[in-house]
Amino acid sequence: MNLYKHVSDAINQKLGQPVNLEVPRNREFGDFSTNAAMVMARGAGKNPRELAADIASKIAELDFVADTSIAGPGFINIKIKNEFLWQGAAHATDLDSTPTLTIDMDYGSYNVAKSLHIGHLRTSIVGDTLNRIAKYLGHKTISYNHIGDWGRPMGLVIAYIESLHPDWPFFAADFDASKINPADYKITATELDTYYPAASARGKEDEEFLNHAREITADLQNGHPGYTALYNLFLKVSLDMMDGIIKKLNMMPFDKTLGERNASMHLGRVEEMLRAGNLLETSDGAEIVVVRRETDSEPMPPFMFYNSRGADTYEATDLAAIWFRKDADNPDKIWYLTDARQQLHFKQVFRVAEMLNLFPVENLEHLYFGTINGPGGQPFKTRDGNAAGLLDIIDMVGDAVRQRCVDAGKNLDDETIGAIALAALKFTDLMHDVKSDYIFDPAAVTSFEGRTGPYILYTAVRLNSVLRRAGNDCDEIPQMPSSISADERNLIIEILDFERTIRSAFDNRATDLLANYAYDLCQLINTFYHNCPILRDDISAETRCTRLYIARAAQKTLETVISLMGLRIPSEM
């Protein structure tokens with residue numbers, strides 16, 4: 001039930017025009033408020049407080065309104081009847097029916113033959129949560145891990161493998177795939193992790209090696225059988241590594257793991273469209289599309305379709321990927337989640353898509369995010385001073401959780417520690433505005449108190465424990481009691497704010513709204529827990545049933561929110 005929408009729609013209909021309905025932080029004077037009188041007074045030539053009295057009396061006629069009052073120059077406070085809130089609490093996670101969309105969601109963007117690093121954390125966590133939110137609201141989503149699998153890094157890796165194993169048949173001019181057994185050529189994940197950094201470093205110092213890697217890249221893209229067979233060999237190792245990370249982060253599997261290689265297969269069709277529109281121009285041996293407009297106040301370099309060596313470009317494959325997704329999925333929207341540094345790139349790609357009438361540009365969205373920094377505000381690094389890999393981050397948070405457990409005298413199993421570490425890592429990322437940078441401190445994010453993932457899980461574990469001990473007591477919706485305490489009422493209203501929050505998180509592509517709602521809900525649950533005992537011997541049967549009803553509604557809502565964030569609730573903490 002969307003309490004906010006229900007109240008807002010009813011008031012709009014009653015007054016015959018839309019009004020701004022606000023949710024005050026302090027609900028002592030009202031559950032909702034509106035400045036409608038002050039807005040309407042300007043056009044009506046009336047005193048705002050006098051007009052507020054007329055409006056308040058009309059709002060008071062609505063069957064779910066308990067009381068209205070006027071504050072200040074004409075603010076109207078609205079109190080909802082307890083009976084209405086009571087009946088709605090059991091249906092807080094039942095959603096209103098609304099139109100749905102088909103959305104292609106491009107996040108992850110992992111690279112073949114390269115370790116995942118801290119830059120992949122936000123795209124993975126935020127992308128997965130937005131996907132979960134969209135699915136929960138009934139939208140059809142198709143998630144893409146648009147892997148980097150076709151550019152110069154592939155040529156560098158193959159050239160490096162050749163330097164290590166020049167006798168391998170993949171490099172022979174007469175290579176015959178039917179005469180080899182791929183299982184005879186082992187590349188472990190640990191080995192593969194070292195290849196690209198070593199090849200990249202060598203390429204910066206050895207021009208001959210770099211040129212050879214460039215030639216291999218072009219040959220691979222043109223179907224060289226030996227390079228293709230070797231590529232397929234280490235591709236499988238990379239995909240297995242990616243799957244391991246996805247499972248560690250408790251992400252939903254991607255619907256499609258398709259990257260630049262797949263997109264390159266459709267470049268011919270896109271090239272035909274560009275040439276038909278006379279959009280391609282030659283510049284220093286490259287083929288480009290001019291995308292700058294007279295209204296641009298910032299630099300807007302041309303879109304490069306082919307580079308001077310005739311190789312596929314990053315821009316071209318992203319454009320071809322739009323063509324492929326339009327053809328394969330026909331989505332209403334395509335979302336891209338990458339870091340802020342790619343803003344210019346996507347502006348260029350979206351402009352060419354618009355010039356080709358390939359996809360409505362207003363339905364192409366680049367949801368960019370800020371960086372994760374260390375305690376000093378500098379880029380986050382491991383203890384040895386190197387750039388942090390994603391597995392390094394996961395391990396560091398796990399170690400911090402273990403140390404906290406030791407310090408607190410807790411003896412928790414590895415699965416529980418893993419769940420707590422996951423919550424610490426993911427909640428910290430989700431609670432920040434996606435576009436903002438934030439400081440990541442493993443010691444701080446693993447605290448069991450404050451705005452942290454462990455605090456969210458601890459609240460859920462505590463609530464589950466109470467309800468487990470209560471068993472099937474009062475499992476029917478009880479009659480509303482003659483009175484409801486402020487702590488009980490505040491929790492019910494927060495529960496009923498769930499649908500507004502989840503829809504706002506989707507509409508604004510803002511996972512922080514969901515995460516911070518979880519924290520606010522947990523605070524109210526814990527206040528309720530402390531001030532409204534449930535199973536104590538001196539609590540009457542009627543009061544116990546009342547509070548169990550509220551606790552079960554809170555549990556259902558909190559578990560839903562935790563699931564949408566991709567967290568796991570342990571049995572104890």
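Is Cys545 buried or exposed at 18% relative accessibility? Cys545 counts as buried at that value, where buried means under 20% relative accessible area, exposed over 50% and partly exposed in between, with a 1.4 Å probe and protein chains only.

The model is predicted, so local features need pLDDT of at least 70 and side-chain atom pairs count only at pLDDT 80 or more, whereas totals for chains, interfaces and linings use all residues. Residues are numbered from 1 along each chain as its sequence is written, and side-chain values use heavy atoms, with hydrogens and water left out.

**Exercise 1. Describe the disulfide found in the whole structure, and state where its two cysteines lie.**

Step 1. A disulfide is taken as a pair of cysteine sulfur atoms within 2.5 Å, and a search of the whole structure finds one.

Step 2. The partners are Cys474 and Cys545, whose sulfur atoms are 1.9 Å apart; the link is left-handed, with -55 degrees about the S-S bond.

Step 3. Cys474 belongs to the loop between helix H17 (453-470) and helix H18 (486-495), while Cys545 belongs to helix H21 (residues 541-564), so the pair ties together parts that are 71 residues apart in sequence. Helices (H or I, at least four residues) and strands (E, at least two) are DSSP runs, numbered from the N terminus.

Step 4. Cys474 is partly exposed, with a relative accessible area of 23%, whereas Cys545 is buried at 18%.

**Exercise 2. Explain why Cys405 and Cys532 are too far from the closest cysteine sulfur for a bond.**

Step 1. For Cys405, the closest cysteine sulfur is in Cys522, at 18 Å, which is too far for a bond; Cys405 itself is buried, at 4% relative accessibility.

Step 2. For Cys532, the closest cysteine sulfur is that of Cys545, at 15 Å, again too far for a bond, and Cys532 is likewise buried, at 2%.

**Exercise 3. Locate Asp284 and Asn357, and give the phi of each.**

Step 1. Most residues other than glycine have a negative phi.

Step 2. Asp284 has a positive phi, near 50 degrees, and sits in the loop between strand E7 (281-283) and strand E8 (286-289), where it is exposed at 77% relative accessibility.

Step 3. Asn357 also has a positive phi, of about 55 degrees, and its place is the loop between helix H13 (343-355) and strand E11 (364-369); its relative accessible area of 71% makes it exposed.

**Exercise 4. Work out how strand E6 is arranged with strand E5 and helix H5.**

Step 1. Strand E6 (residues 140-144) is mostly covered, with four of its five residues buried.

Step 2. Strand E5 (residues 102-106) pairs with E6 in the parallel sense over five bridges, pairing being assigned if DSSP finds at least two bridges between two strands. Within this pairing, Thr102 stands opposite Lys140 in E6.

Step 3. Together with helix H5 (residues 119-136), E5 and E6 make a right-handed β-α-β unit; right-handed means that, with the strands pointing away from the viewer, the path from the first strand over the helix to the second runs clockwise.
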